[in-house]
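User: I would like to go through the reasoning behind some descriptions of this structure, value by value. Please set each value against the cut-off that decides the matter.

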Amino acid sequence: MSQNPPNLRPDLANAQVSSDTRAGQPTIGMVSLGCPKALVDSERILTRLRAEGYGISPDYSGADAVIVNTCGFLDSAKAESLDAIGEALAENGKVIVTGCLGAEPDYIREHHPKILAVTGPHQYEQVLDAVHGAVPPSPDPFIDLLPSSSVQLTPRHYSYLKISEGCNHKCKFCIIPDMRGKLASRPAHAVLREAEKLVEAGVKELLVISQDTSAYGLDRKYSTHPWKDREVRSHITDLARELGQFGAWVRLHYVYPYPHVRDLIPLMAEGLILPYLDIPFQHSHPDTLKRMARPAHTAKTLDEIAKWRSDCPDITLRSTFIVGYPGETEAEFQHLLDWMDEAQLDRVGCFQYENVDGARSNDLPDHVAPEVKQDRWERFMEKAQAISQAKLAAKVGSVQQVIVDDIDEDGIATCRTKADAPEIDGNLFIDEGTDGLSVGDLVTVIVDEAGEYDLWGTLGTG
């Protein structure tokens, strides 16, 4: 397993972009880096471009210009973004930069002065203006305007559903509020309308994302909006209940453990939304959390986890952690390992701390040596891996509903259980009897083998 999660290129992997273009149609390529929230931005930009008559090119050579949607969260992500911009310039020459790193235009132009334009995160109109300037639109109103469905960079059977932008937290290691601003929630009816259209287009799983999903609607004072024959409040509990009416899997990401999160658990127990919570705990020791400027009630968190599991025994808990944060002592790290033993989280990711330009944590004293960070990361992942392996072994013999993500040329189906989010969690593999399966199918499987992160099974009935 690598030090940090792999750099994903959703624009190249599983992109649902048609290369069919008509004669004379201007075409745009897209490179989308970073998190699912950036991926949603890319989908929106491409959908707007399609509606204006642009073709979407799956490669550099077929594009009249290329948009690079960058990530700027970590220095390593900045380096990847700069590399992607350089690659696009070398292969195509006409490059427009947007996304989180776009908040630092001087930094980008210092490395790549030949780019056409730079815009910041979720500045859709400015991106479109830059495209219009570089490649004027030439729409055919009978063909191009108002496409029947949006452009998706994820497989057609699942889709990310962004419910808000920005964040009100002031974590010292994070610059997202500086790049994306304070919390700005979409009204409930707009989210529900988008979700309904996605499900009507064949989406089987909605992945709800934002910087702080639990805080959804706080900036709107939880305002209500008309939806169908009723009023719906812009609040995560109400939104989740409504999303559960569409019949698709609903998976919640980036959920801070506020007290009202407990109101989501009955919806999971009822089967309205998936019994899955992605919660960014980051650490367990109160002093470390205080230096991070994060809530530090870890004892209460363990009590809350126990209550969630009592109310919904099937719940899957995923989280991410940072080791080697400035000032982290061996005792603080050992507290984290002990906390993991108690919490028994199902899915865990871990980062080694690194400085980020503009983050307040850079100025903290007592930075941890690289070799110590690496050692702690290895010890943490060994612990997390053992917990994961034991939990998966307990599933052998169980019956699981899975969603089919891929079927390769040998007939091996790559699937996910309700406990697995795409790209970041494990898989369930079916290696025989898959002739009648299609990508996007929901099927029942009997688990007959378990590894450290993945399961294997055979098709069941029902």
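User: Which residues does C167 touch, not counting residues up to four places away in sequence?

Analyst: In this predicted model, C167 touches P177, G181, K182, L183, Q211 and D212, once residues up to four places away in sequence are set aside. A residue enters that list if its heavy atoms come within 4.5 Å. C167 itself is found in the loop between β7 (164–165) and α5 (176–180).

User: Why is C167 called buried?

Analyst: The term buried is reserved for residues under 20% relative accessible area, and C167 has 7% relative accessibility, so C167 counts as buried.

User: What makes C174 buried as well, and where is C174 placed?

Analyst: C174 is placed in the loop between β7 and α5. Its relative accessibility is 18%, and because the cut-off is under 20%, C174 counts as buried. Both residues are also named in the UniProt record, an unreviewed entry, which lists C167, C171 and C174 for "binding site"; such annotations may be inferred rather than shown by experiment.

User: How do you know whether α11 is roughly parallel or roughly antiparallel to α12?

Analyst: Two packed helices are described by the angle between their axes and the distance between the axes. Helix α11 (residues 330–343) and helix α12 (residues 370–393) pack at an angle of about 10°, with their axes 10 Å apart. Angles under 35 degrees count as roughly parallel, and therefore α11 is roughly parallel to α12. On the α11 side the contact is made by E330, F333, Q334, L336, L337, M340 and D341, and on the α12 side by R376, R379, F380, K383, A384 and I387. Sorted by class, this contact of α11 with α12 has 7 nonpolar, 1 polar and 5 charged residues.

User: What makes β17 and β18 a pair of strands?

Analyst: Two strands pair if DSSP finds at least two bridges between them. Strand β17 (residues 413–417) and strand β18 (residues 428–430) have 3 bridges, in the antiparallel sense, so they meet that condition. C415 stands opposite L428 in β18. Both strands belong to a closed barrel of 5 strands, which runs β16-β17-β18-β20-β19 with mixed pairing. Neighbouring strands of this sheet are turned by 50° against each other on average, with direction ignored.

User: What does the chain look like over residues 26–136, in helix and strand?

Analyst: Over residues 26–136 the chain is 46% helix and 20% strand, and the end C-alpha atoms are 8 Å apart. The UniProt annotation "domain: MTTase N-terminal", from an unreviewed entry, covers these residues.

Terms used
Residues numbered from 1 in each chain as written. Predicted model: local features only at pLDDT ≥ 70, side-chain atom pairs only at ≥ 80, totals over all residues. Heavy atoms only, no water. Helix = DSSP H or I, 4+ residues; strand = E, 2+ residues; numbered from the N terminus. Buried < 20%, exposed > 50% of the residue type's maximum accessible area, 1.4 Å probe, protein only. Axes fitted to C-alpha atoms, helices over the stretch in contact; angles between N-to-C directions. Parallel < 35°, antiparallel > 145°, perpendicular 65-115°, else oblique. Nonpolar A, V, L, I, M, F, W, Y, C, P; charged D, E, K, R; others polar.
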